[in-house]
Amino acid sequence: QATQPPKESTQKTQRMGLSISLLFLMSLLFSDLNVIQSATTEYTTLIYKGCAKQQFSDPSGLYSQALSAMFGSLVTQSTKTRFYKTTTGTSQTTITGLFQCRGDLTNHDCYNCVSRLPVLSDKLCGKTIASRVQLSGCYLLYEVAGFSQISGMEMLFKTCGKNNIAGTGFEERRDTAFGVMQNGVVSGHGFYATTYESVYVLGQCEGDVGDSDCSGCVKNALEKAQVECGSAISGQIYLHKCFIAYSYYPNGVPRRSSSSSSSSGSGGSSSSDPSSSTGATGKTVAIIVGGAAGVGFLVICLLFAKNLMKKKHDGTFSLLALIHTCMYKHAYKQTTNTCTCDEE
């Protein structure tokens, strides 16, 4: 009669195989998390910040409460619309705030972008009486009642590409694209993006700016781009009430699918943006499907482990707890008292 292997040895081998399988699964799930992070940074990159020099005088905490309520309202509304403006507080602590998302973002991407802004505002500006934080896909602005106003045409920030291509006909193509965009923001009711002979252009006005004023603001921004950026192959100009961006692709604008259709008031006509998150829908679907499959497989593995070990609280379940804790620490960048994982 063949000698049976020791039961303890068999269980040890089974536990080792299960542990290797789970570690492989965790590496796949972490890979999905990295894809999500990469897609998100396409519209959550910090462009600039503007902070008032004066801090709140808030011994009673009323300003802080009003500010917190306003932030909560803005984040909630970002799941439904790309532009929202509100006022909170009492007559003595009134704070007006707004957010706006780029016109080609989905509601899901808009929320992911806007939800970062309250924390960034507090981190970058503190409790100032006015703050503006601009990300690549959205921005937030708030100010207390009585804060000094500035012109909608005032330039807040600019950035120009380092490469210049003067004398190649680029400036003529760019200026023609600018003219198309200036007309487009009117028909698009505040947002327009298009491509003309390898020049990608995008323009957007604040959501409560009328079509005529929007056209004037965008025209002003385009003129500033011509002066400030010259023959640079790319540039972004941010005025108080509008912004424009352009990029030149000598080998042709990369083709990518649009992430969403735009809506009037906060969006409009648009085409694919090679440098934005316009391909986010396909990524999101792939991530959801892959994530669901991974979670399903994980559940099956855990059920198998539970049945295999027959509720024996041994080292395998300690390993599972460790992996589970470290996975969530990796995903949300939080510290735990259970284990220590290396940060990225």
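**Figure 1. The right-handed disulfide of Cys101 and Cys110.** With 85 degrees about the S-S bond, the link between Cys101 and Cys110 is right-handed. In this predicted model, the sulfur atoms of Cys101 and Cys110 lie 2.0 Å apart. Both Cys101 and Cys110 are buried. A search of the whole structure finds six disulfides, and further views below show the Cys51 to Cys125 link and the Cys217 to Cys242 link.

**Figure 2. The disulfide of Cys217 and Cys242.** Cys217 and Cys242 are joined through sulfur atoms 2.1 Å apart. The angle about this S-S bond is -90 degrees, making the link of Cys217 and Cys242 left-handed. Distant parts of the chain are linked by this pair: Cys217 belongs to helix 6 (residues 211-229) and Cys242 to strand 10 (residues 242-248), with their positions 25 residues apart in the numbering. Cys217 has a relative accessible area of 3% and is therefore buried, the cut-off being under 20%. Cys242, at 3% relative accessibility, likewise counts as buried.

**Figure 3. The disulfide of Cys51 and Cys125.** The S to S distance between Cys51 and Cys125 is 1.9 Å. This link of Cys51 and Cys125 is left-handed, with -65 degrees about the S-S bond. Cys51 sits in strand 1 (residues 46-51) and Cys125 in helix 4 (residues 117-125); the two cysteines are 74 residues apart, and the pair links distant parts of the chain. Cys51 is partly exposed because its relative accessible area is 30%, which falls between the cut-offs of 20% and 50%. Cys125, with a relative accessible area of 8%, is buried.

**Figure 4. The largest nonpolar core.** This core holds 26 residues, of which Phe56, Ile95, Val114 and Tyr142 touch the most other members. At least two core residues come from each of helix 2 (62-77), strand 3 (95-101), helix 3 (107-114), strand 4 (130-135) and strand 5 (138-144). Helix 2 supplies the largest share, seven residues. In soluble globular proteins, nonpolar side chains tend to be buried together.

**Figure 5. The surroundings of Phe56.** Neighbours within four places in sequence are left aside in this view of Phe56. The remaining contacts of Phe56 are Tyr63, Leu67, Ile95, Lys127, Thr128, Ile129, Tyr142 and Val144. Apart from the core of Phe56 lies another core, of 25 residues, which includes Phe170, Ala232, Leu239 and Tyr248.

Terms used. Residues are numbered from 1 along each chain as its sequence is written. This is a predicted model: local features need pLDDT of at least 70, side-chain atom pairs count only at pLDDT 80 or more; totals for chains, interfaces and linings use all residues. Side-chain values use heavy atoms; hydrogens and water are left out. A nonpolar core is a set of buried Ala, Val, Leu, Ile, Met, Phe, Trp, Tyr and Cys residues joined through side-chain atoms within 4.5 Å. Buried means under 20% relative accessible area, exposed over 50%, partly exposed in between (1.4 Å probe, protein chains only). Helices (H or I, at least four residues) and strands (E, at least two) are DSSP runs, numbered from the N terminus. Contact means heavy atoms within 4.5 Å. A disulfide is a pair of cysteine sulfur atoms within 2.5 Å.
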